[in-house]
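Q: I should like to learn how to read a protein model step by step. Where should one begin?

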Amino acid sequence: MGVFKFTQAHDLEVNVLINNAGFGDSGKFAECNWQKQYEMVQVDITALMQLTFCFLPGMIERKHGKILNLSSVAAFCAGPGMSVYYASKAFVRSFSEAVAEEVKGSGVTVTALCPGPTATGFEVAADMGNGSKMFKKAAKPEDVAKAGIRALRLGKVLCYQGTFTKCMSFLSRLVPRSVTRKYAGKMDNT
Ligand SMILES: NC(=O)c1ccc[n+]([C@@H]2O[C@H](COP(=O)([O-])OP(=O)(O)OC[C@H]3O[C@@H](n4cnc5c(N)ncnc54)[C@H](OP(=O)(O)O)[C@@H]3O)[C@@H](O)[C@H]2O)c1
């Protein structure tokens, strides 16, 4: 991978890795743009996994390192109308949690940051339009970034940023998935 090879060629020690790049797409899966879904998986899942794979062994060897992976409130349930994106963020959360447990006690930590809707360019890139209810009270990007860095410093495994995300995380453990997926579909598409 280019970034990893570059750091090796320049003898750069990477002790903090933040896997932030990601995008979504909206619409029914049967009617989707296949290329966009494919690229989403490459960026949201494959690149994150590969960068972690490249940099993690060096961190473990040095007994020092921190990885922050961008998951989302979308990781808590299935997302009709954004099926691939929700599934990719569920992957990121599960993968991060599992690797965090594997490296426990090694001096390396892995954190999954799960923000709710945030006022960035995400909505536009995901073709959600301006009408999505989810983005009516979007968080400020700087608040999300601060929460992520704080969690990374503390070595927390999961960070739910904002009241909305904390409530959704709690409710998703109580409410049946048949209900959460209906709710998620309505929130994203109205
Ligand atoms: N905004 C939200 O509501 C929200 C909520 C939860 C989680 N997240 C997650 O937060 C992360 C950042 O998203 P954002 O909200 O800041 O959205 P954004 O403003 O659209 O930024 C997306 C980021 O991903 C990069 N990116 C997109 N496509 C790429 C590609 N094909 N190859 C390499 N880099 C690519 C972009 O790089 P360039 O700047 O070079 O284009 C940019 O840095 C994502 O993982 C997203 O899933 C966002």
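Q: Read along the sequence, what pattern of helices and strands does the protein follow?

A: This is a predicted model. Along the sequence, the pattern is α-β-α-β-α-β-α-α-β-α-α. In total there are seven helices and four strands. The radius of gyration is 17 Å, close to the 16 Å that the globule rule gives for 190 residues, so the protein is as compact as a globular protein of that length. The C-alpha trace spans about 50 × 35 × 30 Å along its principal axes.

Q: How many of the residues are buried, as a percentage?

A: Buried residues account for 34% of the 190 residues. Contacts add to this picture: among those between residues at least 6 apart in sequence, 70% join residues at least 24 apart.

Q: In what order do the strands form the sheet, and is the pairing parallel or antiparallel?

A: Strands of a sheet pair through backbone hydrogen bonds, and the pairing may be parallel or antiparallel. Here the four strands form an open sheet in the order β1-β2-β3-β4, with parallel pairing. β1 (16-19) and β4 (158-161) stand at the edges; each has a single partner strand, so one side of each is left without a neighbour in the sheet. On average, neighbouring strands of this sheet are turned by 15° against each other, direction ignored.

Q: How many bridges join β1 to β2?

A: Four bridges join β1 to β2 (residues 65-70), and the two strands run parallel. Within this pair, isoleucine 18 stands opposite leucine 68 in β2.

Q: Is β2 largely enclosed or largely in the open?

A: Six of the six residues of β2 are buried, so the strand is largely enclosed by the rest of the structure. Gly65, Ile67 and Asn69 point one way from β2, while Lys66, Leu68 and Leu70 point the other way; all of these are buried.

Q: Which strands does helix α3 lie across?

A: Helix α3 (residues 83-102) lies across β2, β3 (108-115) and β4, and runs at about 155° to β3.

Q: How does one read a helix, and how many residues of α1 are buried?

A: An α-helix has 3.6 residues a turn, so residues three or four places apart point the same way. In helix α1 (residues 2-9), the number buried is zero of eight residues, so this helix lies largely in the open. Aspartate 11 follows α1 and has a positive phi, near 55°.

Q: Where is proline 117 placed, and is proline 117 buried or exposed?

A: Proline 117 is in the loop between β3 and α4. A residue counts as buried if 20 or more other C-beta atoms lie within 10 Å of its own; proline 117 has 25 within 10 Å and is therefore buried. Leaving aside residues up to four places away in sequence, proline 117 touches Met134, Phe135, Ala138 and Ala139. Proline 117 and glycine 162 are 45 residues apart in sequence, and their C-alpha atoms are 9.6 Å apart in space.

Q: How many residues surround the ligand, and which are the closest?

A: The ligand is surrounded by 15 residues, of which the closest are Gly22, Ser72, Thr120, Gly121 and Phe122. By class, this shell has eight nonpolar, six polar and one charged residues. α2 (34-62) and α4 (122-125) each supply at least two residues of the shell.

Key. Residues numbered from 1 in each chain as written. Predicted model: local features only at pLDDT ≥ 70, side-chain atom pairs only at ≥ 80, totals over all residues. Near = placed C-beta within 6 Å. Nonpolar A, V, L, I, M, F, W, Y, C, P; charged D, E, K, R; others polar. Pairing = 2+ DSSP bridges. Axes fitted to C-alpha atoms, helices over the stretch in contact; angles between N-to-C directions. Contact = placed C-beta atoms within 7 Å. Rg over C-alpha atoms; globule rule 2.2 N^0.38 Å. Buried ≥ 20, exposed ≤ 12 C-beta atoms within 10 Å, placed from the backbone.
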